[in-house]
Amino acid sequence: MQILDHAKVALSLVVAVLVWWAVAASGFVSPDLFPTPIAVWHAAVELYDDGLLFSDLRASLGRAAVGFVIGASLGVSVGLLTSRTRFFRLALNPILSLCRPIPAIAIVPVAIVWFGIGDGSKYFVISYAVFLTVWLATHHGMEHVPETYIRASRSLGAPMMREFFQVVIPAAAPHIVSGLRMGAALAFLSLVAAELTGASSGIGYRLQEARQYLRMDRMFVGLVELGILGAALDFAFLSLSRHLVHWEQT
Amino acid sequence: MSRFFSVLVALALLPFAAVAQSAKPLTLAVQPSTDVPQILMAIDRKLWDAEKVEVKVVTFSTGREALEALLGGQADFAVLTEYPATIGILRGQKFSVLADMARYQGLRATASKKWMNLASLKDLNGKKVGTTLGTNVEYVTSVLLREGGAKAEVVNAAPADTVPALVRGDIQASVMFPNLYAQARKLLGDDYQEIKTKSYVSHALLVGSSATLESRKAEVEGFLKALLVADKAVAADAAAAQGIVLAALKGVMTPEVLKDLWLDYDYRLVLKDDLPALMSQEATWILERGAVKAPAEAASVKTLRGAIADGFLSRLSPGAVSLAK
(Lines give C-alpha, C1' and ligand atoms only; values in the text may rest on other atoms or scores of the structure.)
Protein backbone atom coordinates (compact mmCIF):
# COMPACT_ATOMS: atom_id res chain seq x y z
CA MET A 1 0.00 0.00 0.00
CA GLN A 2 2.84 2.34 0.97
CA ILE A 3 4.66 1.55 -2.30
CA LEU A 4 1.51 2.50 -4.20
CA ASP A 5 1.36 5.83 -2.35
CA HIS A 6 5.02 6.54 -3.16
CA ALA A 7 4.36 5.67 -6.80
CA LYS A 8 1.41 8.11 -6.88
CA VAL A 9 3.61 10.92 -5.46
CA ALA A 10 6.35 10.17 -7.99
CA LEU A 11 3.83 10.07 -10.85
CA SER A 12 2.32 13.40 -9.78
CA LEU A 13 5.79 15.02 -9.72
CA VAL A 14 6.69 13.56 -13.12
CA VAL A 15 3.44 14.88 -14.61
CA ALA A 16 4.08 18.33 -13.09
CA VAL A 17 7.59 18.43 -14.62
CA LEU A 18 6.24 17.28 -18.00
CA VAL A 19 3.56 20.00 -17.98
CA TRP A 20 6.23 22.56 -17.01
CA TRP A 21 8.42 21.30 -19.87
CA ALA A 22 5.59 21.40 -22.38
CA VAL A 23 4.61 24.98 -21.46
CA ALA A 24 8.24 26.19 -21.53
CA ALA A 25 8.95 24.48 -24.86
CA SER A 26 5.67 25.59 -26.49
CA GLY A 27 7.16 28.94 -27.54
CA PHE A 28 4.26 30.91 -26.04
CA VAL A 29 6.57 32.29 -23.38
CA SER A 30 10.18 33.42 -23.82
CA PRO A 31 12.53 30.72 -22.47
CA ASP A 32 14.37 33.54 -20.68
CA LEU A 33 11.23 34.31 -18.70
CA PHE A 34 10.04 30.72 -18.24
CA PRO A 35 13.00 28.33 -18.44
CA THR A 36 12.70 24.63 -19.21
CA PRO A 37 13.48 22.04 -16.51
CA ILE A 38 16.74 21.27 -18.38
CA ALA A 39 17.79 24.95 -18.25
CA VAL A 40 17.03 24.99 -14.52
CA TRP A 41 19.07 21.82 -14.06
CA HIS A 42 22.00 23.44 -15.91
CA ALA A 43 21.68 26.53 -13.69
CA ALA A 44 21.79 24.28 -10.60
CA VAL A 45 24.93 22.57 -11.93
CA GLU A 46 26.45 26.01 -12.63
CA LEU A 47 25.71 27.12 -9.05
CA TYR A 48 27.24 23.88 -7.77
CA ASP A 49 30.35 24.38 -9.92
CA ASP A 50 30.67 27.95 -8.64
CA GLY A 51 30.52 26.59 -5.08
CA LEU A 52 27.33 28.52 -4.33
CA LEU A 53 24.64 25.82 -4.18
CA PHE A 54 25.64 24.20 -0.89
CA SER A 55 27.10 27.33 0.72
CA ASP A 56 23.74 29.08 0.18
CA LEU A 57 21.88 26.05 1.48
CA ARG A 58 24.11 25.93 4.56
CA ALA A 59 23.67 29.65 5.25
CA SER A 60 19.88 29.52 4.89
CA LEU A 61 19.45 26.32 6.90
CA GLY A 62 21.61 27.77 9.67
CA ARG A 63 19.54 30.97 9.84
CA ALA A 64 16.24 29.06 9.69
CA ALA A 65 17.39 26.62 12.40
CA VAL A 66 18.58 29.33 14.82
CA GLY A 67 15.44 31.43 14.23
CA PHE A 68 13.21 28.38 14.69
CA VAL A 69 14.87 27.27 17.94
CA ILE A 70 14.64 30.77 19.46
CA GLY A 71 11.05 31.33 18.28
CA ALA A 72 9.82 27.85 19.22
CA SER A 73 11.38 27.89 22.71
CA LEU A 74 9.90 31.31 23.44
CA GLY A 75 6.57 30.33 21.90
CA VAL A 76 6.17 27.19 24.03
CA SER A 77 7.34 28.97 27.21
CA VAL A 78 5.11 32.00 26.78
CA GLY A 79 2.20 29.77 25.69
CA LEU A 80 2.51 27.78 28.92
CA LEU A 81 2.55 30.99 30.95
CA THR A 82 -0.39 32.70 29.22
CA SER A 83 -2.57 29.60 29.32
CA ARG A 84 -2.01 28.66 32.96
CA THR A 85 -1.46 32.03 34.67
CA ARG A 86 -4.11 34.73 34.74
CA PHE A 87 -1.56 37.53 35.23
CA PHE A 88 0.44 36.63 32.10
CA ARG A 89 -2.74 35.99 30.11
CA LEU A 90 -4.03 39.50 30.89
CA ALA A 91 -0.64 41.11 30.37
CA LEU A 92 0.47 39.40 27.15
CA ASN A 93 -2.54 38.13 25.19
CA PRO A 94 -3.73 41.55 23.93
CA ILE A 95 -0.32 42.60 22.60
CA LEU A 96 0.41 39.18 21.09
CA SER A 97 -3.00 39.16 19.41
CA LEU A 98 -2.16 42.56 17.90
CA CYS A 99 1.21 41.28 16.67
CA ARG A 100 -0.18 38.14 15.03
CA PRO A 101 -1.59 39.79 11.88
CA ILE A 102 1.68 41.68 11.22
CA PRO A 103 3.55 39.73 8.51
CA ALA A 104 7.24 38.93 8.93
CA ILE A 105 8.18 40.98 5.86
CA ALA A 106 6.74 44.12 7.51
CA ILE A 107 9.05 43.55 10.47
CA VAL A 108 12.22 43.52 8.31
CA PRO A 109 12.85 47.32 8.32
CA VAL A 110 12.38 47.42 12.11
CA ALA A 111 14.68 44.44 12.54
CA ILE A 112 17.37 46.16 10.44
CA VAL A 113 17.22 49.31 12.57
CA TRP A 114 17.32 47.34 15.84
CA PHE A 115 19.72 44.54 14.98
CA GLY A 116 21.63 45.82 11.95
CA ILE A 117 22.19 44.13 8.62
CA GLY A 118 24.00 41.11 10.09
CA ASP A 119 22.51 37.75 11.02
CA GLY A 120 20.87 39.19 14.18
CA SER A 121 18.07 40.81 12.19
CA LYS A 122 17.47 37.60 10.22
CA TYR A 123 17.20 35.53 13.41
CA PHE A 124 14.78 38.12 14.77
CA VAL A 125 12.49 38.06 11.71
CA ILE A 126 12.38 34.25 11.57
CA SER A 127 11.94 33.79 15.32
CA TYR A 128 9.17 36.44 15.33
CA ALA A 129 7.17 34.47 12.76
CA VAL A 130 7.78 31.14 14.50
CA PHE A 131 7.14 32.48 18.01
CA LEU A 132 3.63 33.79 17.33
CA THR A 133 2.45 30.57 15.68
CA VAL A 134 3.92 28.30 18.34
CA TRP A 135 2.64 30.54 21.13
CA LEU A 136 -0.91 30.46 19.78
CA ALA A 137 -0.91 26.69 19.30
CA THR A 138 0.52 26.08 22.77
CA HIS A 139 -1.85 28.53 24.42
CA HIS A 140 -4.85 27.05 22.62
CA GLY A 141 -3.81 23.46 23.37
CA MET A 142 -3.22 24.11 27.06
CA GLU A 143 -6.47 26.05 27.46
CA HIS A 144 -8.53 23.27 25.93
CA VAL A 145 -7.36 20.37 28.05
CA PRO A 146 -10.65 18.56 28.88
CA GLU A 147 -11.86 19.43 32.35
CA THR A 148 -12.61 15.74 33.01
CA TYR A 149 -8.87 14.93 32.78
CA ILE A 150 -8.10 17.54 35.45
CA ARG A 151 -10.93 16.38 37.71
CA ALA A 152 -9.90 12.76 37.37
CA SER A 153 -6.27 13.48 38.23
CA ARG A 154 -7.28 15.60 41.23
CA SER A 155 -9.75 13.01 42.51
CA LEU A 156 -6.92 10.49 42.36
CA GLY A 157 -4.83 12.87 44.50
CA ALA A 158 -2.20 13.81 41.91
CA PRO A 159 0.02 16.68 43.09
CA MET A 160 0.06 19.89 41.00
CA MET A 161 3.39 19.22 39.25
CA ARG A 162 2.43 15.67 38.40
CA GLU A 163 -0.92 16.86 37.07
CA PHE A 164 0.88 19.43 34.91
CA PHE A 165 3.51 17.09 33.44
CA GLN A 166 1.48 13.89 33.21
CA VAL A 167 -1.99 15.19 32.35
CA VAL A 168 -1.97 18.75 31.03
CA ILE A 169 1.19 18.59 28.86
CA PRO A 170 0.33 15.24 27.18
CA ALA A 171 -3.22 16.44 26.50
CA ALA A 172 -1.93 19.67 24.91
CA ALA A 173 1.02 18.03 23.11
CA PRO A 174 -0.76 17.41 19.78
CA HIS A 175 -1.55 21.14 19.53
CA ILE A 176 2.00 22.09 20.49
CA VAL A 177 3.52 19.70 17.95
CA SER A 178 1.24 20.94 15.20
CA GLY A 179 2.24 24.52 16.16
CA LEU A 180 5.90 23.53 15.88
CA ARG A 181 5.20 21.98 12.49
CA MET A 182 3.58 25.18 11.25
CA GLY A 183 6.40 27.17 12.83
CA ALA A 184 8.98 25.17 10.90
CA ALA A 185 7.17 25.94 7.63
CA LEU A 186 6.98 29.62 8.60
CA ALA A 187 10.71 29.68 9.32
CA PHE A 188 11.28 28.96 5.62
CA LEU A 189 8.60 31.39 4.50
CA SER A 190 10.14 34.22 6.51
CA LEU A 191 13.68 33.21 5.54
CA VAL A 192 13.33 34.78 2.10
CA ALA A 193 12.02 38.03 3.62
CA ALA A 194 14.86 37.99 6.14
CA GLU A 195 17.51 37.49 3.47
CA LEU A 196 16.29 40.33 1.28
CA THR A 197 18.79 42.72 2.82
CA GLY A 198 22.15 42.48 4.51
CA ALA A 199 22.74 38.98 3.19
CA SER A 200 25.50 38.07 0.77
CA SER A 201 24.65 34.38 0.80
CA GLY A 202 21.60 32.17 1.25
CA ILE A 203 18.72 31.08 -0.94
CA GLY A 204 16.78 34.34 -0.45
CA TYR A 205 19.81 36.42 -1.40
CA ARG A 206 20.50 34.25 -4.46
CA LEU A 207 16.88 34.65 -5.59
CA GLN A 208 17.26 38.41 -5.35
CA GLU A 209 20.61 38.39 -7.16
CA ALA A 210 19.18 36.19 -9.90
CA ARG A 211 16.37 38.70 -10.37
CA GLN A 212 18.88 41.56 -10.68
CA TYR A 213 20.68 39.70 -13.47
CA LEU A 214 17.49 38.46 -15.17
CA ARG A 215 18.51 34.87 -14.42
CA MET A 216 15.11 33.18 -14.25
CA ASP A 217 16.82 29.79 -14.47
CA ARG A 218 18.70 30.54 -11.23
CA MET A 219 15.52 31.89 -9.64
CA PHE A 220 13.77 28.62 -10.41
CA VAL A 221 16.66 26.74 -8.76
CA GLY A 222 16.04 28.76 -5.58
CA LEU A 223 12.29 28.15 -5.73
CA VAL A 224 12.75 24.41 -6.26
CA GLU A 225 15.26 24.33 -3.36
CA LEU A 226 12.77 26.07 -1.06
CA GLY A 227 10.00 23.69 -2.14
CA ILE A 228 12.09 20.57 -1.56
CA LEU A 229 13.40 21.81 1.79
CA GLY A 230 9.93 22.76 3.00
CA ALA A 231 8.40 19.44 1.93
CA ALA A 232 11.28 17.44 3.46
CA LEU A 233 10.98 19.33 6.72
CA ASP A 234 7.23 18.84 6.85
CA PHE A 235 7.64 15.12 6.19
CA ALA A 236 10.27 14.90 8.94
CA PHE A 237 7.99 16.72 11.39
CA LEU A 238 5.06 14.50 10.53
CA SER A 239 7.13 11.36 11.13
CA LEU A 240 8.49 12.77 14.37
CA SER A 241 5.06 13.78 15.63
CA ARG A 242 3.78 10.23 15.05
CA HIS A 243 6.31 9.08 17.64
CA LEU A 244 6.03 12.05 19.98
CA VAL A 245 2.23 12.12 20.27
CA HIS A 246 1.45 8.53 19.30
CA TRP A 247 -1.60 8.52 21.60
CA GLU A 248 -3.33 11.02 19.36
CA GLN A 249 -2.92 8.98 16.14
CA THR A 250 -6.09 7.67 14.64
CA MET B 1 -24.70 26.48 -16.64
CA SER B 2 -25.41 28.75 -19.61
CA ARG B 3 -23.87 31.63 -17.67
CA PHE B 4 -20.74 29.55 -17.17
CA PHE B 5 -20.48 28.96 -20.93
CA SER B 6 -21.07 32.66 -21.64
CA VAL B 7 -18.13 33.52 -19.39
CA LEU B 8 -16.01 30.87 -21.13
CA VAL B 9 -16.86 32.24 -24.58
CA ALA B 10 -16.14 35.79 -23.41
CA LEU B 11 -12.76 34.73 -22.06
CA ALA B 12 -11.94 32.91 -25.30
CA LEU B 13 -12.80 36.01 -27.35
CA LEU B 14 -10.86 38.39 -25.12
CA PRO B 15 -7.54 38.22 -27.10
CA PHE B 16 -9.42 38.95 -30.38
CA ALA B 17 -11.18 41.88 -28.76
CA ALA B 18 -7.81 43.27 -27.65
CA VAL B 19 -6.42 43.00 -31.18
CA ALA B 20 -9.51 44.66 -32.57
CA GLN B 21 -8.87 47.79 -30.51
CA SER B 22 -7.28 50.19 -32.96
CA ALA B 23 -5.67 52.87 -30.81
CA LYS B 24 -3.92 51.05 -28.02
CA PRO B 25 -1.97 53.58 -25.93
CA LEU B 26 1.78 53.38 -25.70
CA THR B 27 2.72 52.27 -22.20
CA LEU B 28 5.68 53.87 -20.48
CA ALA B 29 7.12 52.15 -17.39
CA VAL B 30 9.06 54.61 -15.29
CA GLN B 31 10.20 55.36 -11.76
CA PRO B 32 9.38 59.01 -10.96
CA SER B 33 12.79 60.36 -9.94
CA THR B 34 15.33 63.09 -10.52
CA ASP B 35 16.56 61.08 -13.54
CA VAL B 36 13.48 61.84 -15.64
CA PRO B 37 12.44 65.54 -15.53
CA GLN B 38 11.70 65.46 -19.27
CA ILE B 39 9.12 62.71 -18.78
CA LEU B 40 7.56 64.45 -15.78
CA MET B 41 7.47 67.67 -17.83
CA ALA B 42 5.80 65.87 -20.76
CA ILE B 43 3.15 64.49 -18.39
CA ASP B 44 2.62 67.83 -16.65
CA ARG B 45 2.30 69.86 -19.86
CA LYS B 46 0.42 67.14 -21.78
CA LEU B 47 3.04 67.22 -24.53
CA TRP B 48 2.11 63.79 -25.89
CA ASP B 49 -1.45 65.00 -26.46
CA ALA B 50 -0.02 67.76 -28.65
CA GLU B 51 1.69 65.07 -30.75
CA LYS B 52 -1.56 63.07 -30.84
CA VAL B 53 0.08 60.13 -29.16
CA GLU B 54 -1.81 58.40 -26.39
CA VAL B 55 0.59 57.45 -23.59
CA LYS B 56 -0.23 55.50 -20.47
CA VAL B 57 2.36 56.04 -17.74
CA VAL B 58 2.83 53.22 -15.24
CA THR B 59 5.08 53.96 -12.28
CA PHE B 60 7.46 51.50 -10.66
CA SER B 61 9.75 51.77 -7.66
CA THR B 62 12.92 50.90 -9.62
CA GLY B 63 14.13 51.08 -13.20
CA ARG B 64 14.71 47.33 -13.13
CA GLU B 65 11.05 46.69 -12.39
CA ALA B 66 10.20 48.96 -15.32
CA LEU B 67 12.46 46.82 -17.53
CA GLU B 68 10.80 43.64 -16.24
CA ALA B 69 7.42 45.10 -17.24
CA LEU B 70 8.77 45.82 -20.72
CA LEU B 71 10.27 42.33 -21.08
CA GLY B 72 7.00 40.80 -19.92
CA GLY B 73 5.17 42.65 -22.69
CA GLN B 74 3.34 44.99 -20.29
CA ALA B 75 5.13 48.16 -21.44
CA ASP B 76 6.35 49.63 -24.72
CA PHE B 77 8.96 51.89 -23.16
CA ALA B 78 10.94 51.86 -19.93
CA VAL B 79 13.44 54.17 -18.29
CA LEU B 80 16.36 52.65 -16.41
CA THR B 81 20.07 53.18 -15.84
CA GLU B 82 22.64 51.72 -18.20
CA TYR B 83 23.61 48.90 -15.80
CA PRO B 84 20.35 46.89 -15.87
CA ALA B 85 20.07 47.74 -19.58
CA THR B 86 23.50 46.16 -20.10
CA ILE B 87 22.38 43.05 -18.22
CA GLY B 88 19.28 42.83 -20.40
CA ILE B 89 21.36 43.11 -23.57
CA LEU B 90 23.82 40.49 -22.31
CA ARG B 91 20.84 38.21 -21.67
CA GLY B 92 19.71 38.72 -25.28
CA GLN B 93 16.46 40.50 -24.44
CA LYS B 94 14.51 42.18 -27.23
CA PHE B 95 14.70 45.93 -26.64
CA SER B 96 16.76 48.86 -27.88
CA VAL B 97 18.07 52.08 -26.41
CA LEU B 98 16.26 55.08 -27.91
CA ALA B 99 17.87 57.92 -25.99
CA ASP B 100 20.27 58.72 -23.19
CA MET B 101 18.09 61.13 -21.21
CA ALA B 102 20.30 62.20 -18.31
CA ARG B 103 23.79 61.74 -17.00
CA TYR B 104 24.61 61.97 -13.29
CA GLN B 105 28.21 62.41 -12.21
CA GLY B 106 27.82 62.79 -8.45
CA LEU B 107 27.99 59.16 -7.32
CA ARG B 108 30.18 58.86 -4.26
CA ALA B 109 31.48 56.86 -1.34
CA THR B 110 30.10 58.03 2.00
CA ALA B 111 31.41 57.22 5.44
CA SER B 112 30.98 58.11 9.09
CA LYS B 113 33.89 59.66 11.01
CA LYS B 114 32.77 57.47 13.91
CA TRP B 115 33.99 54.35 12.11
CA MET B 116 36.72 55.55 9.72
CA ASN B 117 38.50 58.55 8.27
CA LEU B 118 37.71 58.92 4.57
CA ALA B 119 40.43 61.29 3.36
CA SER B 120 41.07 59.36 0.15
CA LEU B 121 39.60 56.31 -1.57
CA LYS B 122 42.64 54.36 -0.38
CA ASP B 123 41.13 54.57 3.11
CA LEU B 124 38.42 52.11 2.03
CA ASN B 125 41.06 49.38 2.11
CA GLY B 126 40.08 46.61 4.55
CA LYS B 127 36.78 48.29 5.42
CA LYS B 128 33.21 46.98 5.27
CA VAL B 129 31.49 48.85 2.44
CA GLY B 130 27.71 48.52 2.09
CA THR B 131 26.02 48.74 -1.28
CA THR B 132 23.08 47.22 -3.14
CA LEU B 133 24.46 44.20 -4.96
CA GLY B 134 23.32 43.66 -8.54
CA THR B 135 22.74 47.36 -9.23
CA ASN B 136 24.84 50.12 -10.74
CA VAL B 137 25.99 51.23 -7.28
CA GLU B 138 27.73 47.87 -6.91
CA TYR B 139 29.57 48.61 -10.14
CA VAL B 140 30.39 52.13 -8.83
CA THR B 141 31.79 50.49 -5.68
CA SER B 142 34.17 48.46 -7.82
CA VAL B 143 35.14 51.63 -9.72
CA LEU B 144 35.81 53.56 -6.49
CA LEU B 145 37.84 50.71 -5.03
CA ARG B 146 39.86 50.51 -8.25
CA GLU B 147 40.40 54.29 -8.22
CA GLY B 148 41.73 54.06 -4.67
CA GLY B 149 43.66 50.83 -5.18
CA ALA B 150 41.71 49.49 -2.20
CA LYS B 151 40.30 46.08 -1.34
CA ALA B 152 37.21 46.09 0.85
CA GLU B 153 34.58 43.67 2.10
CA VAL B 154 31.51 44.56 0.04
CA VAL B 155 28.28 43.90 1.97
CA ASN B 156 24.79 43.76 0.48
CA ALA B 157 22.18 46.18 1.81
CA ALA B 158 18.82 47.18 0.39
CA PRO B 159 18.76 50.88 -0.61
CA ALA B 160 16.68 51.95 2.40
CA ASP B 161 18.90 50.02 4.81
CA THR B 162 22.28 51.49 3.83
CA VAL B 163 21.91 54.68 5.88
CA PRO B 164 20.74 52.95 9.12
CA ALA B 165 23.56 50.41 8.65
CA LEU B 166 26.08 53.25 8.31
CA VAL B 167 24.70 55.03 11.37
CA ARG B 168 24.79 51.82 13.45
CA GLY B 169 28.28 50.92 12.31
CA ASP B 170 27.31 47.62 10.64
CA ILE B 171 29.27 49.05 7.72
CA GLN B 172 32.01 51.66 7.83
CA ALA B 173 31.36 53.17 4.41
CA SER B 174 28.71 52.97 1.75
CA VAL B 175 28.10 53.55 -1.93
CA MET B 176 24.40 54.34 -2.00
CA PHE B 177 21.82 55.71 -4.42
CA PRO B 178 21.85 59.53 -4.85
CA ASN B 179 18.39 60.02 -3.30
CA LEU B 180 19.83 58.83 0.05
CA TYR B 181 22.74 61.30 0.34
CA ALA B 182 20.66 63.97 2.08
CA GLN B 183 19.33 61.48 4.63
CA ALA B 184 22.86 60.19 5.34
CA ARG B 185 24.17 63.75 5.72
CA LYS B 186 21.33 64.61 8.10
CA LEU B 187 21.64 61.51 10.28
CA LEU B 188 25.45 61.49 10.42
CA GLY B 189 25.72 65.25 11.00
CA ASP B 190 29.33 66.33 11.51
CA ASP B 191 30.48 62.72 11.09
CA TYR B 192 29.42 62.69 7.40
CA GLN B 193 32.23 62.26 4.86
CA GLU B 194 32.12 61.72 1.10
CA ILE B 195 34.35 61.32 -1.95
CA LYS B 196 32.91 61.52 -5.44
CA THR B 197 34.03 59.22 -8.22
CA LYS B 198 35.95 60.81 -11.08
CA SER B 199 35.57 58.01 -13.57
CA TYR B 200 31.89 57.02 -13.59
CA VAL B 201 28.82 58.76 -14.91
CA SER B 202 25.44 57.03 -14.66
CA HIS B 203 23.11 57.25 -17.65
CA ALA B 204 19.30 57.24 -17.51
CA LEU B 205 18.18 55.47 -20.68
CA LEU B 206 14.89 55.40 -22.51
CA VAL B 207 14.46 51.93 -24.01
CA GLY B 208 11.74 50.56 -26.25
CA SER B 209 10.61 47.02 -26.92
CA SER B 210 11.69 45.70 -30.32
CA ALA B 211 8.11 44.87 -31.25
CA THR B 212 6.92 48.44 -30.61
CA LEU B 213 9.87 50.03 -32.41
CA GLU B 214 9.21 47.89 -35.48
CA SER B 215 5.45 48.04 -35.66
CA ARG B 216 4.56 51.55 -34.37
CA LYS B 217 7.25 53.76 -35.87
CA ALA B 218 5.10 56.89 -36.34
CA GLU B 219 3.86 56.75 -32.75
CA VAL B 220 7.40 56.18 -31.44
CA GLU B 221 8.51 59.31 -33.33
CA GLY B 222 5.62 61.29 -31.87
CA PHE B 223 6.49 60.00 -28.41
CA LEU B 224 10.13 61.08 -28.83
CA LYS B 225 9.19 64.42 -30.41
CA ALA B 226 7.21 65.33 -27.28
CA LEU B 227 10.16 64.35 -25.12
CA LEU B 228 12.45 66.62 -27.17
CA VAL B 229 10.03 69.49 -26.53
CA ALA B 230 10.14 68.64 -22.83
CA ASP B 231 13.94 68.46 -23.03
CA LYS B 232 14.08 72.05 -24.27
CA ALA B 233 11.61 73.19 -21.61
CA VAL B 234 13.76 71.61 -18.86
CA ALA B 235 16.87 73.32 -20.20
CA ALA B 236 15.09 76.67 -20.55
CA ASP B 237 13.51 76.76 -17.10
CA ALA B 238 15.27 74.64 -14.49
CA ALA B 239 13.18 76.13 -11.66
CA ALA B 240 9.91 75.08 -13.31
CA ALA B 241 11.33 71.62 -14.04
CA GLN B 242 12.41 71.26 -10.42
CA GLY B 243 8.92 72.25 -9.30
CA ILE B 244 7.43 69.50 -11.49
CA VAL B 245 9.93 66.93 -10.18
CA LEU B 246 9.19 67.89 -6.57
CA ALA B 247 5.45 67.58 -7.17
CA ALA B 248 5.94 64.15 -8.76
CA LEU B 249 8.07 62.98 -5.83
CA LYS B 250 5.20 63.90 -3.49
CA GLY B 251 7.22 65.46 -0.70
CA VAL B 252 9.98 62.86 -0.34
CA MET B 253 12.61 65.42 -1.36
CA THR B 254 13.07 69.03 -0.29
CA PRO B 255 13.73 71.81 -2.85
CA GLU B 256 17.22 72.36 -1.36
CA VAL B 257 18.20 68.70 -1.76
CA LEU B 258 16.92 68.65 -5.34
CA LYS B 259 18.82 71.87 -6.21
CA ASP B 260 21.99 70.29 -4.84
CA LEU B 261 21.49 67.06 -6.84
CA TRP B 262 20.57 69.02 -10.00
CA LEU B 263 24.10 70.47 -10.19
CA ASP B 264 25.55 67.02 -10.93
CA TYR B 265 23.03 66.24 -13.68
CA ASP B 266 23.33 66.81 -17.40
CA TYR B 267 19.80 66.64 -18.82
CA ARG B 268 19.59 66.34 -22.60
CA LEU B 269 18.40 63.60 -24.93
CA VAL B 270 21.56 62.43 -26.69
CA LEU B 271 23.27 59.30 -27.95
CA LYS B 272 27.05 59.46 -27.80
CA ASP B 273 29.94 57.05 -27.99
CA ASP B 274 30.62 57.18 -24.25
CA LEU B 275 27.44 55.12 -23.68
CA PRO B 276 28.36 51.89 -25.52
CA ALA B 277 31.92 52.27 -24.18
CA LEU B 278 30.68 52.35 -20.56
CA MET B 279 28.19 49.54 -21.19
CA SER B 280 31.01 47.44 -22.63
CA GLN B 281 33.12 48.01 -19.50
CA GLU B 282 30.18 47.04 -17.31
CA ALA B 283 29.38 43.99 -19.43
CA THR B 284 32.98 42.80 -19.18
CA TRP B 285 32.86 43.24 -15.39
CA ILE B 286 29.55 41.33 -15.17
CA LEU B 287 30.91 38.46 -17.27
CA GLU B 288 34.10 38.32 -15.18
CA ARG B 289 31.98 37.97 -12.02
CA GLY B 290 30.10 35.06 -13.60
CA ALA B 291 26.66 36.51 -12.80
CA VAL B 292 25.74 36.17 -16.47
CA LYS B 293 27.23 33.56 -18.79
CA ALA B 294 27.81 34.81 -22.33
CA PRO B 295 30.64 34.75 -24.87
CA ALA B 296 33.23 37.54 -24.52
CA GLU B 297 32.09 39.24 -27.73
CA ALA B 298 28.71 39.91 -26.09
CA ALA B 299 30.54 42.53 -24.02
CA SER B 300 32.19 44.25 -26.98
CA VAL B 301 31.46 47.89 -27.83
CA LYS B 302 30.24 46.71 -31.25
CA THR B 303 27.63 44.36 -29.75
CA LEU B 304 26.37 46.97 -27.30
CA ARG B 305 26.33 49.64 -30.02
CA GLY B 306 24.04 47.26 -31.90
CA ALA B 307 21.46 47.55 -29.12
CA ILE B 308 21.15 51.31 -29.64
CA ALA B 309 18.42 52.31 -32.09
CA ASP B 310 19.71 55.78 -32.98
CA GLY B 311 17.55 56.17 -36.12
CA PHE B 312 14.61 57.80 -34.34
CA LEU B 313 16.65 60.42 -32.47
CA SER B 314 18.90 61.03 -35.53
CA ARG B 315 15.86 61.91 -37.64
CA LEU B 316 14.28 64.20 -35.02
CA SER B 317 17.41 65.82 -33.58
CA PRO B 318 20.46 65.08 -35.74
CA GLY B 319 22.80 67.15 -33.57
CA ALA B 320 22.03 64.98 -30.53
CA VAL B 321 23.54 61.83 -32.01
CA SER B 322 27.24 61.20 -32.45
CA LEU B 323 27.77 57.47 -32.53
CA ALA B 324 30.34 55.50 -34.51
CA LYS B 325 28.52 53.22 -36.97
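In the predicted model, A:Arg154 counts as exposed, at 52% relative accessibility. The cut-off for that class is over 50%. The side chain of A:Arg154 meets that of A:Glu163 in a salt bridge, with 2.9 Å from N to O. A:Glu163 is buried, and its relative accessible area is 5%. Buried residues fall under 20%. The pair thus joins an exposed arginine to a buried glutamate.

A further salt bridge is formed by A:Asp234 and A:Arg181. Their closest N and O atoms lie 2.8 Å apart. A:Asp234 sits in helix α10 of chain A, and A:Arg181 in helix α8, which covers residues 160-194. The two residues are 53 residues apart, and the pair links distant parts of the chain. A:Asp234 counts as partly exposed, at 32% relative accessibility. A:Arg181 is also partly exposed, at 29%.

Salt bridges with shared partners also build a network. Its members are A:Glu46, A:Asp50, A:Arg215, A:Asp217, A:Arg218 and B:Lys293. The network therefore includes residues of chain A and a lysine of chain B.

Within this group, A:Arg215 forms a salt bridge with A:Glu46. The closest N and O atoms of this pair are 3.1 Å apart. A:Arg215 lies in the loop between α9 (203-212) and α10 (216-244) of chain A, whereas A:Glu46 belongs to helix α2 (residues 37-49), so the salt bridge ties together parts that are 169 residues apart in sequence. Both A:Arg215 and A:Glu46 are buried. Over all chains, the structure holds 25 salt bridges.

Chain B contains 15 helices and twelve strands. Its C-alpha trace spans about 70 × 55 × 45 Å along the principal axes. The radius of gyration of chain B is 21 Å, which agrees with the value near 20 Å for a compact globule of 325 residues. Of these 325 residues, 54% count as buried. Contacts in chain B also reach across the sequence: among those with a separation of 6 or more, 79% are between residues 24 or more positions apart.

The surface and charges of chain B were also examined. Chain B exposes about 14,700 Å², of which carbon and sulfur atoms supply 56%. Chain B carries 37 positive and 34 negative charges. The mean positions of the two sets are 2 Å apart.

Conventions:
Residues are numbered from 1 along each chain as its sequence is written. Chains are lettered from A and ligands numbered from 1 in the order in which they are written. This is a predicted model: local features need pLDDT of at least 70, side-chain atom pairs count only at pLDDT 80 or more; totals for chains, interfaces and linings use all residues. Side-chain values use heavy atoms; hydrogens and water are left out. Helices (H or I, at least four residues) and strands (E, at least two) are DSSP runs, numbered from the N terminus. The radius of gyration is taken over C-alpha atoms; the globule rule is 2.2 Å times the number of residues to the power 0.38. Buried means under 20% relative accessible area, exposed over 50%, partly exposed in between (1.4 Å probe, protein chains only). Contact means heavy atoms within 4.5 Å. Accessible areas come from the Shrake-Rupley method with a 1.4 Å probe; for residues, only the protein chains shown count as cover. Lys and Arg count as positive and Asp and Glu as negative; His and the chain ends are not counted. The place of a charge is taken as NZ of Lys, CZ of Arg, CG of Asp or CD of Glu. A salt bridge is a side-chain nitrogen of Lys or Arg within 4 Å of a carboxyl oxygen of Asp or Glu.
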